[in-house]
Amino acid sequence: MLVALRPSQLSRRYLLALALVLFGWASVVIVAQDQSTKERPRRVLPADTEPQDVIKIDTDLVPVDITVTDAKGLLVRNLKKEDFKLYEDSTERPISSFNVERIEGAPRPVAIVFALDLSGSMTPEEVARVSDAMREFSRRLAEHPAVFAVMTFGMRVKTLQNFTNDREKLDRAFDRLTHEPNGMSTHTYDAVDDAVRMLVRHAPLTREHQMMKRAVVVITDGFPVGDTVSPDVVIERANGSDTSVYVVTMPSFTKMMASAQMTPLPTPLDVSGLVEKTGGRSVYANQQDLGPLFRSIAEEVAAAYVLGFYPPKEIRTDGKFHTIRVEGPRGLILRQSRPGYQAGKKN
């Protein structure tokens, strides 16, 4: 995760570069927000023009994804159910279900929404490289029962491709990216919100007796502008659907800092907590070849453990928010996909 630096640690050159970035961003905000208040055309869900495999799940099981890494940041894949402890509101609960990357040789199903920023901050060359990297991402998960959707966002949020496992359809969607129009605004949170809604509607919680991994991969410059949905609302909805958000910040933001060979400061998108509070990961794309970066994210998406538990009957419908905390073996680092869950209410 990204860590904010203290002012005393920053050189004058670094602070000057940051000030220039923030000044430019503020100028764009003023112009773009004025435009976005006039009109916000938005497709909350994709049109049902293609058949969708939707399974209705009626269960009180509460799942939570856990990504485990060692001190070097390497994924840990060999843990067992007995290695974890799960607490609900500080009270330990029995782990009723436990899924890993493979169950009896069957790979875990995944549903991924790619959301690409076309607000004008990325060059056509960057968009082309991102397209190639997303192809690499999808190929990395070829062994998994996987479906992918493709969105773009700027002034508008647009669905280029509904969920599909058809390679030709995905390739056509990626090819269209360089021809898509851009705009001044950057409706990042609106795009993630739309992606979460799409996952809830079209990506079942379980498939082939395994828990589905839901994720949104956002490729952006890290500066949301003109959104109609707040970060807190998006985080709440992502947590409610057990969806993790991964953010790839493109060099269009980091190149100003590159000449000084310094670690970029967190962007406003990082500071919002969208990544941290949904169990995802935020990375800076500071290399020309994006393939290795996207392959590592794909590997992490599929490698999470899934723990499920049943809350006591007396609190399943109390309408309150209940915290979840998972502990693992000492010395390992755990990231969980959500901090808790919202119980339903009695009708």
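## Cores, helices and a small cavity

In the largest nonpolar core, which has 35 residues, the members that touch the most others are Ile112, Phe114, Phe137, Ile219 and Val248. A nonpolar core here is a set of buried Ala, Val, Leu, Ile, Met, Phe, Trp, Tyr and Cys residues joined through side-chain atoms within 4.5 Å. Buried means under 20% relative accessible area, exposed means over 50%, and partly exposed lies in between (1.4 Å probe, protein chains only). At least two residues of this core come from each of strand S7 (110-117), helix H2 (124-140), strand S8 (146-153), helix H3 (167-176), strand S12 (213-220), strand S13 (243-249) and helix H8 (291-302). H8 gives the largest share, six residues. Helices (H or I, at least four residues) and strands (E, at least two) are DSSP runs, numbered from the N terminus.

A word on the source: this is a predicted model, in which local features need pLDDT of at least 70 and side-chain atom pairs count only at pLDDT 80 or more, while totals for chains, interfaces and linings use all residues. Residues are numbered from 1 along each chain as its sequence is written, and side-chain values use heavy atoms, with hydrogens and water left out.

Back to the core: Phe114 touches Met134, Phe137, Phe148, Ala149, Val150, Met151, Phe174 and Val217, leaving aside residues up to four places away in sequence. A second, separate core has 29 residues, among them Val113, Val147, Val157 and Leu269. In soluble globular proteins, nonpolar side chains tend to be buried together.

For the protein overall, there are eight helices and 18 strands, and buried residues make up 52% of the 347 residues. Of the contacts (heavy atoms within 4.5 Å) with a separation of 6 or more, 81% are between residues 24 or more positions apart.

Two helices can be set side by side; the expected span is 1.5 Å times one less than the number of residues.

| Helix | Residues | End-to-end C-alpha distance | Expected span |
|---|---|---|---|
| H8 | 12 residues | 17 Å | 16 Å |
| H4 | 15 residues | 21 Å | 21 Å |

H4 (residues 188-202) contains Asp194. Because 12 of its 15 residues are buried, H4 is largely enclosed by the rest of the structure. Asp194 itself is buried, with a relative accessible area of 0%. Its C-alpha atom is 9.3 Å from that of Lys158, 36 residues away along the chain.

Lys158 also turns up beside Thr152, a residue of strand S8. Thr152 counts as buried at 5% relative accessibility; not counting residues up to four places away in sequence, Thr152 touches Leu116, Leu118, Val157, Lys158, Leu160, Leu177 and Glu180.

Now for the cavity, a set of points on a 1 Å grid over the protein atoms alone where a 1.4 Å probe fits but cannot get out. Grid points are joined across faces, edges and corners, and a volume is the space filled by probe spheres set on the points. There is one cavity of 30 Å³ or more, and the largest has a volume of about 30 Å³. Its lining residues, those with an atom within 4 Å of a point, are Pro63, Leu205, Met211, Met212, Arg214, Ser241 and Asp242.

Asp242 lies in the loop between helix H5 (231-240) and S13, is buried at 7% relative accessible area, and has a positive phi near 55 degrees without being a glycine.

Notes. On a 1 Å grid over the protein atoms alone, a cavity is a set of points where a 1.4 Å probe fits but cannot get out, and a pocket is an open set with protein on both sides within 12 Å along at least five of seven lines; lining residues have an atom within 4 Å of a point.
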